[in-house]
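This report describes the strand arrangement of one protein and the surroundings of selected side chains. The sequence and structure are shown first.

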Amino acid sequence: MKKGFFALIALLLVISMAGCSITDIIGTKTVTCDDLTVQVPGLYMDLMGGVNNDAVEFLYGNNTGAVMGIKESISEVVGASFPEVTAKDYLRMFMNANEVLGTITETDGIVNFTYTATVDGESFTYICAAFKGNENFWAVQAYCKTPDFEKNQATLWEIIKSVKIA
């Protein structure tokens, strides 16, 4: 038992001295939900068992952060007569419907905004991005506790950048 513990400590020291993160060692895993795929850290777990919200299509995370996706049919959101509605338009509608304030920006070709919200007395900071497929809009939110946001922001953005719509 002691040998295993000391081996783990030694491995963690080597990783930290080499400038690697645990994600560099463990890697990522692919999550597929309908027409969306996203890469999440290998240590993220499927948390859908605790979700009581029909709008949430997937939720993966751990104690350092999480990512969730909300899918809405384009035809249900805008009707068949407005096919030119963009992901940015959808993000504006998403913000209005959820009464969330923020400034929409485009980073790496992805429309997004960042906001902070309090859930059960704890403050969380979210990066929310919108994507448009052939049949669905997606709002993908990567988030963590607000005090940890600066430390986790790059990882959260990598999750958002990995989203692909078929």
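## Pairing in the central strands

Two strands are said to pair if DSSP finds at least two bridges between them. By this criterion, strand 8 and strand 9 pair, since nine bridges join these antiparallel strands. The model discussed here is a predicted one. Within the pairing of strand 8 and strand 9, Ile127 stands opposite Ala142 of strand 9. The two strands are linked by a hairpin through three residues.

Strand 8 comprises residues 122–132 and is mostly covered, with eight of its eleven residues buried. Strand 8 also pairs with strand 7, in the antiparallel sense and over eight bridges. In that pairing, Cys128 of strand 8 is the bridge partner of Phe113. Strand 7 and strand 8 form a hairpin with two residues between them. In the turn of this hairpin, Asp120 has a positive phi of about 50°.

## The seven-stranded sheet

The strands 3-4-5-9-8-7-6, in this order, make up an open sheet of seven strands with antiparallel pairing. Strand 3 (45–46) and strand 6 (105–107) stand at the edges; each has a single partner strand, so one side of each is left without a neighbour in the sheet.

Elsewhere in this order, strand 4 (residues 56–62) and strand 5 (residues 65–73) run antiparallel and are joined by six bridges. Tyr60 stands opposite Val67 of strand 5. Helix 4 (residues 87–97) packs on the sheet and touches strand 5, strand 7, strand 8 and strand 9. The direction of helix 4 makes about 145° with that of strand 8.

## Two buried asparagines

Which strand holds Asn112, and is its side of the chain buried or exposed? Asn112 lies in strand 7 (residues 110–119). Its relative accessible area is 5%; Asn112 is therefore buried, the limit being under 20%. The side chain of Asn112 makes a polar contact of 3.4 Å with the side chain of Thr107. Leaving aside residues up to four places away in sequence, Asn112 touches Leu91, Thr103, Ile104, Thr105, Glu106, Thr107, Cys128, Ala129 and Trp157. Thr107 thus appears both as a polar partner of Asn112 and in its list of contacts.

Asn136 is found in strand 9 (residues 136–145). With a relative accessible area of 11%, Asn136 also counts as buried, because the value is under 20%. A polar contact of 3.5 Å joins its side chain to that of Asp35. Apart from residues up to four places away in sequence, Asn136 touches Asp35, Lys71, Glu72, Ser73, Ile74 and Phe131.

## The three-stranded sheet

A further open sheet has three strands in the order 1-2-10, with antiparallel pairing. Its edge strands are strand 1 (28–33) and strand 10 (164–165), each of which pairs on one side only.

How many bridges join strand 1 to strand 2? Six bridges join strand 1 to strand 2 (residues 36–41), and the two strands run antiparallel. Within this pairing, Thr30 stands opposite Gln39 of strand 2.

Note on methods
Residues are numbered from 1 along each chain as its sequence is written. This is a predicted model: local features need pLDDT of at least 70, side-chain atom pairs count only at pLDDT 80 or more; totals for chains, interfaces and linings use all residues. Side-chain values use heavy atoms; hydrogens and water are left out. Helices (H or I, at least four residues) and strands (E, at least two) are DSSP runs, numbered from the N terminus. Buried means under 20% relative accessible area, exposed over 50%, partly exposed in between (1.4 Å probe, protein chains only). A polar contact is a pair of N or O atoms within 3.5 Å; within protein, one must be able to donate a hydrogen and the other to accept it, and residues adjacent in sequence count only if both atoms are side-chain atoms. Contact means heavy atoms within 4.5 Å. Axes are lines fitted to C-alpha atoms, for helices over the stretch in contact, and angles run from 0 to 180 degrees between N-to-C directions.
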